[in-house]
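These are my notebook entries on a structure that I looked up piece by piece. I began with a sheet and then went on to pairs of helices.

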Amino acid sequence: MLRLAWRRSTSRKSVEPARLLTAVYFGADSPKQNSGDHIRCLRQTPHLSSNRPPLLHSQPACYLSPSVFMSMASGGETPPFIPHRHTNRLAKERSPYLLQHAHNPVDWYPWGQDAFDKAKNEDKPIFLSVGYSTCHWCHVMERESFEDEEIGKVLSDNFVCIKVDREERPDVDKVYMTFVQATSGGGGWPMSVWLTPDLRPFIGGTYFPPRDQGRRPGLKTVLNRIMEQWLNNRPALESTGEKILEALKTGTSIAANAGEGPPLASDVANRCFQQLAHSYEEEYGGFRDAPKFPTPVNLMFLMSYWSVNRSTSEGVEALQMALHTLRMMALGGIHDHVAQGFHRYSTDSSWHVPHFEKMLYDQAQLAVAYITASQVSGEQLFADVAKGILLYVSRDLSDKSGGFYSAEDADSVPASGGPKKREGAFCVWTASEVRELLPDVVEGATGVATQADIFMHHYGVKEQGNVAPEQDPHGELQGQNVLIVRYSVELTAAHFGISVKKVTELMSSARAKMAEVRKSRPRPHLDTKMLASWNGLMLSAYARVGAVLGDKALLERAVQAGKFLKEHLWDAERQTILRSCYRGDQMEVQQISPPISGFLDDYAFVICGLLDLYEATLQLEWLEWAEEMQHKQDVMFWDDKGRGYFCSDPSDSSVLLQLKEDQDGAEPSANSVSASNLLRLSQYTGRQEWLQRSQQLLAAFSDRLSRVPIALPEMVRALMAQHYTLKQIVICGQRGAPDTTSLLAAVNSLFLPYKVLMHIDGSADSFLCQRLPVLSSMSQQGGVATAYVCQDFTCSLPVTDPQELHRLLLDMSMETQAE
């Protein structure tokens, strides 16, 4: 029956992958399994075709289908240390995820030619397993299956087993995730895919339990059935896999039609706003009920949309949506009130109980979103949150070399001890812990209140714990409290009859004491891999927050990050960026051999970071490097035929699909960021071809932008920047001088999404003056720093007074709105 099912499937002209996979897993006469039963731990949701509507609410984060969602918040179990019985070749790798599997009884290979040659020489199928080091269900599958001696032997004897860190090799992950999503209706990590020796996928899935559970097949069963099919029905396997792959090549193609230009910016922006407004949750903010994700790309679009629609009801609503969401997140449990930073997402609609993992890319984008909100609203809360995020990153995710680590895990061993890790153990509190830590009676407070009484009232701490049972199906948070601001400082002060100042001081003191207690708790696993792309995002965060706040320490940290990227992730000889480097056993920075070459997002995010660093520091070396790197990106990734950039090097024969990411998710699409980079660089260098290339890129995504712009809010921002034409703000003066600094402060106090900032100091042979000779005609007036506000270098009268510059820039913003 099983072979018959294969024949029937492959004899049809159209591929029916869901039926195909069901036949392999269950046998032809088994009922088809609902895709909702499968675990999905998604950070990104690639869309296979521009004709396919996006999953509007499928945010990039570890996610399970609703029927099993809460299973995610369960801790892994760490056995007591014993001497390793097995050591495989992953022990020679540097990726924390690969090292987690170095002592499995599986003959693992890293992705590379050695594994490919073995599969061809022995004519064996490949088992590809993809995950990342802070992925909960990756830990579960390792513990259940990859540490199982019997399953390990089946895998090693019959397959060439390859383990991939998806953060190290996003190109591999994207290709096979596209296949899994197309054939199963869902996807996620751990991802399990079976390939032919020439790397073509024929079966894929995500997490499998080790052995059968009702109608759900266990990994051992799946392996045995695939082995049987490989021996007895291999042509059908290969034929069907090939058909699916060819269909994916067609379905994932993104290209501009001949003579097509970008869509009309105002129409696209309005549609994007309407789609976001439709999905907006009014009570607590955000864009779905639960689970709830930060989605900084949405928030940045909304604030940019407001900037050119300030006088309309839509503009006001867009700003309210962004600020309310950011405010509720800052008050919620997704925000770590003790140690700063943000967790990955909230399992409930009120931002209360998070999945406690912390990712570098979230911190970077949220810091920018919060500092932008402070510019727009003038609220100190938003600036404080932005600075707090960077405090967390500097303290807990920073390497002494200047680089930034990738993530902190959600699970850790409770302070009470024991081998079993628990979700959030590092972050939560019992009421008794709070009372013991904060016992002092507060003088003048109503009813002989202690500091603990006031803290517990303000942060919603309850004697029995404040996590609802439906948010804790495994009982890991029973009796525990996730801190969430329940009352404003003013209401808390009124409740206890003390001043607002006193409450503020008490809460600050209490959080500091709790932070000290945290230091003594077992820490979660830290992924010390340093990625170029995420470091680029973080570079932007330090540069932009430091510039707005005028904070020299943050700007110095940004410069340190720029130097780290150039020293450790830039191959000066080949003029290429590298994907990753690693913290060694002696805290030194290490590189694997050969190193992994950078992908499109590495170039795009680092270039953006360098442009932001230039505007924050006015140091031309960063602008020069950005120009150099953009040239290399164009050579390596630009699609001359269809326009836009491929995500990975199209000359790499091991990558079967040349994809162009068409969704701004947990991270913005590299094409979206590149569209803005090209526009900014065209202004700095006078290169009209980069302006044209930005337009061509937007044209390639024209269909997607026109129909479902909510999928690409960052690219919509780039389209708006094209439409409104970037203004040039030129500051003439000595870098670092007080008068120059005052003019820069006036610029940085405002949210001006459609501008570039330039600095000249009178040197005619500077980088900018060589490329833009018109700048040589601009000079200081009366011997003091002078600003010029220009469009296409037609400039306003020179301005030397910071307040006058502030007014001029506000007027410029209103003129942009009128356009």
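Which residue in β4 is the bridge partner of Leu128? I looked this up in the model, which is a predicted one, and found that the partner in β4 is Val193.

Entry on the sheet. I next looked at the two strands as wholes, and noted that β2 (residues 126-131) and β4 (residues 191-195) pair in the antiparallel sense over five bridges. They belong to an open sheet of five strands, which I wrote down in the order β1-β3-β2-β4-β5, with mixed pairing. The edges are taken by β1 (108-110) and β5 (201-205), and each has a single partner strand, so one side of each is left without a neighbour in the sheet. I also noted that neighbouring strands are turned against each other by 25° on average, direction ignored. Helix α7 (residues 170-184) packs on this sheet, where it touches β2, β3 (160-165), β4 and β5, and its direction makes about 85° with that of β4.

Entry on β5. Is this edge strand buried or exposed? I found that five of the five residues of β5 are buried, so the strand is largely enclosed by the rest of the structure. Its pairing with β4 is antiparallel and runs over four bridges, and here Val193 turns up again, with Gly204 as its bridge partner in β5. The hairpin of β4 and β5 has five residues between the strands, and I noted there that Leu199 takes a positive phi near 75°.

Entry on α12 and α13. I then turned to helix α12 (residues 313-331) and helix α13 (residues 360-377), whose axes come within 11 Å and cross at roughly 120°. Because of this angle, α12 counts as oblique to α13, and the crossing is left-handed. Among the residues that make the contact I listed Leu319, Leu323 and Met329 of α12, and Leu366, Tyr370 and Val376 of α13. By class, this contact has ten nonpolar residues, one polar residue and no charged residues.

Entry on α10 and α12. Helix α10 (residues 265-279) packs against α12 at an angle of about 50°, with the axes 11 Å apart, and this makes α10 oblique to α12. I noted a left-handed crossing for this pair. The contact is made by Phe273, Gln274, Leu276 and Ala277 of α10 and by Glu314, Glu317, Ala318 and Met321 of α12; by class I wrote down five nonpolar, one polar and two charged residues.

Conventions
Residues are numbered from 1 along each chain as its sequence is written. This is a predicted model: local features need pLDDT of at least 70, side-chain atom pairs count only at pLDDT 80 or more; totals for chains, interfaces and linings use all residues. Side-chain values use heavy atoms; hydrogens and water are left out. Axes are lines fitted to C-alpha atoms, for helices over the stretch in contact, and angles run from 0 to 180 degrees between N-to-C directions. Angles under 35 degrees count as roughly parallel, over 145 as roughly antiparallel, 65 to 115 as roughly perpendicular and the rest as oblique. A crossing is left-handed if the near helix is turned anticlockwise from the far one by less than a right angle, and right-handed if clockwise. Contact means heavy atoms within 4.5 Å. Ala, Val, Leu, Ile, Met, Phe, Trp, Tyr, Cys and Pro count as nonpolar, Asp, Glu, Lys and Arg as charged, and the others, Gly among them, as polar. Two strands pair if DSSP finds at least two bridges between them. Buried means under 20% relative accessible area, exposed over 50%, partly exposed in between (1.4 Å probe, protein chains only).
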